[in-house]
Amino acid sequence: MTDNSPLGAGATKPLRLGTRRSKLAMAQSGLVAEAVTEVTGRAVELVEITTYGDISREQLAQIGGTGVFVAALREALLRGDVDFAVHSLKDLPTTQPEGLTLAAVPVREDPRDVLVARDGLAFEQLPSGSRIGTGSPRRMAQLNAYARAHGLGFEIVPIRGNVDTRIGFVRSGELDAVVLAAAGLSRLGRTGEATDFLSVDTVLPAPGQGALAIECAASSADLAAALAELDDPYTRAAVTAERALLAALEAGCSAPVGALADLLADGQAVNELRLRGVVGSTDGSSLVQLSTTGPVPTSHDDAAALGRELAAEMLAKGAAGLMGERAL
């Protein structure tokens with residue numbers, strides 16, 4: 001009987017890794033490819049796939065937000081065109097499709113947002129009236145709330161495009177600053193271009209921000225087991241709690257929801273997980289921001305329960321009325 005699995009006996013072809021074509025996606029996938037080669041001893045080739053989110057110029061909320069960057073990759077996996085795929089976890093819909101498994105969530109990069117501003121300005125040095133670009137309703141809501149609280153007339157400008165395009169708006173003088181994910185700049189080797197790291201007390205990141213998701217066909221048991229060696233249990237527990245909060249709020253990944261779970265250590269021992277969540281109207285006039293702390297989850301269900309518990313508290317405080325996009 002022939003073993004046709006990607007890691008079957010005698011398998012010598014390179015493993016095919018499905019990735020988006022952007023510079024950032026290719027950089028992320030390249031890092032994962034190296035790690036997979038280390039654990040499997042197999043060469044990995046990148047298979048570039050164009051997603052709807054890459055070719056549409058509309059704002060994410062208008063094109064559906066949830067899943068626009070991952071659907072084509074998942075279809076390629078299900079067809080068997082690629083053996084596994086790498087996603088930015090914050091782009092993944094919260095429901096796992098049948099036939100695919102989330103084999104690994106590697107150690108998370110810095111989850112914070114960063115500012116790239118003209119003249120090397122830090123966030124607190126931005127003058128009133130500054131034009132700040134972002135494509136994220138979550139960032140808009142929190143930046144506008146900060147501006148209101150500090151009497152600053154920021155103008156938050158919706159933008160799309162890759163890292164070069166976004167930073168280009170600042171370099172050309174069209175915008176005073178843009179806000180990007182720290183992890184993206186780091187993986188591109190461009191952290192030095194950030195003029196400030198935004199405190200999570202000011203702007204809470206997107207659920208799963210800074211983490212990668214490695215997905216393969218559920219039927220590829222050997223490959224899933226090999227990829228699982230790249231899984232970081234602390235990162236998985238944190239992002240599971242964050243994504244459970246997002247799912248319980250019935251919000252898509254382009255809704256104005258921020259969440260961050262971080263591990264609290266007592267000396268050397270990590271003994272608690274703190275989960276913070278925020279939902280806001282994009283004009284910043286209303287925010288619901290809450291946190292909860294519990295023991296470090298030892299299972300997927302425990303982590304998800306923490307997220308659902310905080311979401312219930314946020315809904316009780318009026319969070320539902322602040323989200324423009326609700327899942328159907």
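Helices (H or I, at least four residues) and strands (E, at least two) are taken here as DSSP runs, numbered from the N terminus. The model is a predicted one, in which local features need pLDDT of at least 70 and side-chain atom pairs count only at pLDDT 80 or more, while totals for chains, interfaces and linings use all residues. Residues are numbered from 1 along each chain as its sequence is written, and side-chain values use heavy atoms, with hydrogens and water left out.

A good place to start is the loop between strand 5 and strand 6, where D119 is found. D119 has a phi near 55°, a positive value in a residue other than glycine. For context, most residues other than glycine have a negative phi. With a relative accessibility of 66%, D119 counts as exposed (over 50% relative accessible area; buried is under 20% and partly exposed lies in between, with a 1.4 Å probe and protein chains only).

Strand 5 itself is mostly covered, with five of its five residues buried. In a regular strand the side chains alternate between the two faces of the sheet. Both faces of strand 5 are covered, with D113, L115 and A117 buried on one side and V114 and V116 on the other.

Strand 5 belongs to an open sheet of five strands, ordered 7-6-8-5-9 with mixed pairing (two strands pair if DSSP finds at least two bridges between them). Strand 7 (155-158) and strand 9 (196-197) stand at the edges with a single partner strand each, so one side of each is left without a neighbour in the sheet. Strand 5 pairs with strand 8 in the antiparallel sense over five bridges, and D113 stands opposite A181 of strand 8. Strand 5 is also joined to strand 9 by two bridges, again running antiparallel, with L115 opposite D196. Strand 6 (131-134) and strand 7, in turn, are parallel and share four bridges; here G133 has V157 as its bridge partner. Helix 5 (163-171) lies across strand 5 (113-117) and strand 8 (177-181), at about 155° to strand 8 (axes are lines fitted to C-alpha atoms, for helices over the stretch in contact, and angles run from 0 to 180 degrees between N-to-C directions).

Another open sheet has five strands in the order 2-1-3-10-4, also with mixed pairing. Its edge strands are strand 2 (44-48) and strand 4 (100-104), each pairing on one side only. Neighbouring strands of this sheet are turned by 35° against each other on average, direction ignored. Strand 1 (15-19) pairs with strand 2 in the parallel sense over five bridges, and T19 stands opposite E48. Helix 3 (71-79) packs on this sheet, touching strand 1, strand 3 (84-88), strand 4 and strand 10 (212-217), and its direction makes about 165° with that of strand 3 (contact means heavy atoms within 4.5 Å).

Finally, A255 lies in the loop between helix 8 and strand 11 (257-266). At 5% relative accessibility, A255 counts as buried. The C-alpha atoms of A255 and P137 are separated by 6.2 Å, although the two residues are 118 residues apart along the chain.
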